[in-house]
Structures are given as structure tokens and as C-alpha cells.
Amino acid sequence: MNVLSDSEATAIRKRLNAIAPLSAKTWAAIVAMGSRESLAKGQFFSQPGDAADRFGIVLSGLLRHYYSDSRGRESVKAFRGPLELSGPYAEIIQRKPSRTSIEALTPVELLVFRVAEVDAAAESSLELTHLMRRFVEAQFVAKEQREYEFLQLSAE
């Protein structure tokens, strides 16, 4: 049973190939590792204290990544929509419990991956390792740009 429609598969493969080229074999391995998950509006993909052991590609809908302080004040970190990756990235890398709330702002469909399974597959796949490295590099560049804007640009 396919977890993706043909149009979803085509769109995701195009998106991932833009990050790093993938052979048919690597693409098939990626799809085989994914499972489909649906979230209702207001449901969480990740909450503080959860194991940071999975991430997903948004197929449809909108997710909000945010932090809450001890008084319940929220600071929005990011929004993730179709064809974007979502997960508590820093916590995944650090192998620490999530500190990020990831909430569905609309009904959401995700292709979800277990970090341990992807890491194990990357041990024998240079293409998958390259894809993961390029994704992390893109996240770093985006963080650097956001930091620059905070520190160097006016609120205007």
C-alpha cells in the first residue's frame, strides 16, 4: 500500500532533489521508511518533554513551532507548510527531549520518519547522508539570516 498519492510523491521527490539529487533506489528507501500521519486542528506533533525521535514532511496543512515560558507566554519560532520538513531539529541533533511545541493550525497530513531508522539507513547510503547534511546546512543558513536581521535591521 502506498502511503503517498502520485502527486504527493512527485512533489516531495522534486523538493528533496532540489536539496540533493537522489537515485531511484534512495528515493524508494525514503518512501519505505515514511508513514502517513494525520493531525486535527489543535493537535500536537511534538510537545515539550516528548522524545525528539521523529520528524515529518508536511503534505498538507500548516504547523506552528513555538516555545512557551513559565508564565505561558508563547514565542513563535516558525511555521511549516506543504513540502517543508518539521520537527524539533536541535533536540533531534542533541538527542534531548523536545522543548518545542509543534501544533497543527489546520488539519495536517505528514509523511513521518523515525530518526533512528533514517540514521541507520544513512550509514550505508552516501546519497541519504548528503541529503541530511544539505538539509542541516540550509537550516543553519536560515538561522544565521534570522540572527542577522534581529541584530542588524531596524523594526521598520
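1. In this predicted model, the largest nonpolar core is made of 25 residues, and those with the most contacts inside it are Ile12, Leu16, Ile30, Phe113 and Leu131. The elements that contribute two or more residues to this core are α1, α2 (24–33), β3, α3, β8, α4 and α5, and of these α1 gives the most, with four residues. As general background, nonpolar side chains tend to be buried together in soluble globular proteins.

2. Ile12 deserves a look of its own in the viewer. If neighbours within four places in sequence are set aside, Ile12 is in contact with Leu4, Trp27, Ile57, Leu59, Leu83 and Leu111. A second core, separate from the one described above, has nine residues, among them Ile102, Ala104, Val108 and Val112.

3. The sheet can be traced next. It is an open sheet of four strands, arranged in the order β1-β8-β3-β6 with antiparallel pairing, and its edge strands are β1 (35–39) and β6 (85–86), each of which pairs on one side only. The pairing of strand β3 (residues 54–60) with β6 is antiparallel and runs over two bridges; within this region, Leu85 of β6 is the bridge partner of Ile57.

4. Two helices pack on this sheet. Helix α1 (residues 6–19) touches β1, β3 and β8 (108–114), and its direction makes about 120° with that of β3. Helix α4 (residues 115–122) touches β3 and β8, and in this case the direction of the helix makes about 55° with that of β8.

5. A search of the whole structure for aromatic pairs finds two. One of them is formed by Phe55 and Phe113, which are stacked, with 5.4 Å from centre to centre and 20° between the planes; the planes count as stacked because the angle is under 30 degrees. This pair links distant parts of the chain, since Phe55 is in strand β3 and Phe113 in strand β8, 58 residues apart. Phe55 has a relative accessible area of 18% and is therefore buried, the cut-off being under 20%, and Phe113, with a relative accessible area of 3%, is buried as well.

6. The aromatic pair of Tyr89 and Phe135 is edge-to-face, with 5.4 Å from centre to centre and 70° between the planes. Tyr89 belongs to helix α3 (residues 89–94) and Phe135 to helix α5 (residues 126–152), so this pair ties together parts that are 46 residues apart in sequence. Both Tyr89 and Phe135 are buried.

7. Two arginines may be examined together with Tyr66. Arg64 lies over the face of Tyr66, at 3.9 Å from the ring centre. Arg99 is placed in the loop between α3 and β7 (101–104), and the C-alpha atoms of Arg99 and Tyr66, which are 33 residues apart along the chain, are separated by 9.0 Å. Not counting residues up to four places away in sequence, Arg99 touches Pro48, Tyr67, Ala90, Glu91 and Gln94. With a relative accessibility of 49%, Arg99 counts as partly exposed, because exposed would require over 50%.

Methods: Residues are numbered from 1 along each chain as its sequence is written. This is a predicted model: local features need pLDDT of at least 70, side-chain atom pairs count only at pLDDT 80 or more; totals for chains, interfaces and linings use all residues. Side-chain values use heavy atoms; hydrogens and water are left out. Two strands pair if DSSP finds at least two bridges between them. Contact means heavy atoms within 4.5 Å. Axes are lines fitted to C-alpha atoms, for helices over the stretch in contact, and angles run from 0 to 180 degrees between N-to-C directions. Rings of Phe, Tyr and Trp (its six-membered ring) pair if their centres lie within 6.5 Å; planes under 30 degrees apart count as stacked, over 60 as edge-to-face and the rest as tilted. Buried means under 20% relative accessible area, exposed over 50%, partly exposed in between (1.4 Å probe, protein chains only). A charge sits over a ring if NZ of Lys or CZ of Arg is within 6 Å of the ring centre and within 35 degrees of the ring normal. A nonpolar core is a set of buried Ala, Val, Leu, Ile, Met, Phe, Trp, Tyr and Cys residues joined through side-chain atoms within 4.5 Å.
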